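Reader: I would like a close look at a single part of this model, worked through contact by contact. Please take me through the packing and the polar contacts there with some care.

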Amino acid sequence: MFYHIKELQHEAKPSCPDPIFARQLQEILGGQYGEISVALQYLFQGWNFRGAEKYRDLLMDVGTEELAHIEMLATMISRLLDGAPVGDQEKAAKDPMVGAVLGGMNPQHAIVSGLGAMPADSNGNRWTANYIGASGNLLADFRANLTAESQGRLQAVRLYEAASDPGVKDMLAFLIARDTMHQNMWKAAIAELEAQENIVVPSTFPKELEKRQVAYDFYNLSEGEESSKGRWAKGKSMDGLGSFKYYSQAPAYGTKPSLKPAPPYIHDTLPNIRSGSNQEPPHHE
């Protein structure tokens, strides 16, 4: 059960309208790494989890907080659109709405949402559930969560740098700080799980069933050998169960493939034509 209170988690009030910046804020609301994505990602991970109650509670706590961030951003976007000119003018060239659209305002804010926020990114692409992941494996999911918070904070910081309105910057400063906490939080949860399971996901697959002889090899498959200087190319593997080995030239463990011709009813190109033969294909009478 969810319970909503009317007060925002933090104030979301600009000092003046700015429909162009409202469009930019849509990215951290309805973009791939926006608040809608992380809220539903965390909640579905929590709803689906079958394990220790502390992890489910963690996911439900943070997922619910992200719903609060959605409300803050939606409120800010709506207020930035307050007073946006939408009336008809005799001449389009003098129409403030046309000018705003040409200057970067999202016309859907006036045409579709009635000067309100939308579940969409800054280009008006509708939010999609394809953005979220909930696999049931907490280590895999928490790493995805850390990535989402990292990307989300990066975008919020870029918007902060682009903003001039003190009210917008104040709200973004709050969201940036919460993303700092959430990155630390997911890192702590990942470290806890890695201490129990080691670092490779999933930890439950029997190691004798994988080809261990290639499990820690790094193959140079592009021009140059600068990659040989990285931590991934030498020394003990990060899981502590092997040693990295660098190959200047990647070995080929298989033979050159040769496929049998398809049956005639498939009507593939004939083998003699594929091989560059000058023979003419057979004629059917």
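Author: A polar contact is a pair of N or O atoms within 3.5 Å, where, within protein, one must be able to donate a hydrogen and the other to accept it. The model is a predicted one, and the part chosen here is the pairing of helix 2 with helix 3, together with two buried polar side chains beside it.

With that definition in hand, the side chains of histidine 182 and glutamate 66 are joined by a polar contact of 3.3 Å. Histidine 182 belongs to helix 7, which covers residues 166-197, and glutamate 66 is one of the helix 3 residues that meet helix 2. Because its relative accessible area is 1%, under the 20% limit, histidine 182 counts as buried. Leaving aside residues up to four places away in sequence, histidine 182 touches Val62, Glu65, Glu66, His69 and Glu149.

The two helices themselves can be described next. The axes of helix 2 and helix 3, the latter made of residues 53-81, come within 8 Å and cross at roughly 155 degrees, and helix 2 and helix 3 are therefore roughly antiparallel to each other. The crossing of this pair, helix 2 with helix 3, is left-handed. The residues of their contact divide into 12 nonpolar, 5 polar and 3 charged. On the helix 2 side the contributors include Ile36, Val38, Tyr42, Leu43 and Trp47, while on the helix 3 side they include Arg56, Leu59, Met60, Leu67 and Ile70.

Glutamine 45 is also among the helix 2 residues that meet helix 3, and its place is in helix 2, residues 35-48. Glutamine 45 has a relative accessible area of 3% and is therefore buried, the limit being under 20%. The side chain of glutamine 45 reaches the backbone oxygen of glycine 133 at 2.9 Å. Not counting residues up to four places away in sequence, glutamine 45 touches Leu59, Gly133, Ala134, Asp141, Phe142 and Asn145, and of these Leu59 is one of the helix 3 residues in the contact with helix 2.

Taken together, the part holds a left-handed crossing of helix 2 and helix 3, with glutamine 45 buried and reaching a backbone oxygen through its side chain, and with histidine 182, likewise buried, in side-chain polar contact with glutamate 66.

Conventions: Residues numbered from 1 in each chain as written. Predicted model: local features only at pLDDT ≥ 70, side-chain atom pairs only at ≥ 80, totals over all residues. Heavy atoms only, no water. Helix = DSSP H or I, 4+ residues; strand = E, 2+ residues; numbered from the N terminus. Buried < 20%, exposed > 50% of the residue type's maximum accessible area, 1.4 Å probe, protein only. Contact = heavy atoms within 4.5 Å. Axes fitted to C-alpha atoms, helices over the stretch in contact; angles between N-to-C directions. Parallel < 35°, antiparallel > 145°, perpendicular 65-115°, else oblique. Left-handed = near helix turned anticlockwise from the far one by under 90°. Nonpolar A, V, L, I, M, F, W, Y, C, P; charged D, E, K, R; others polar.
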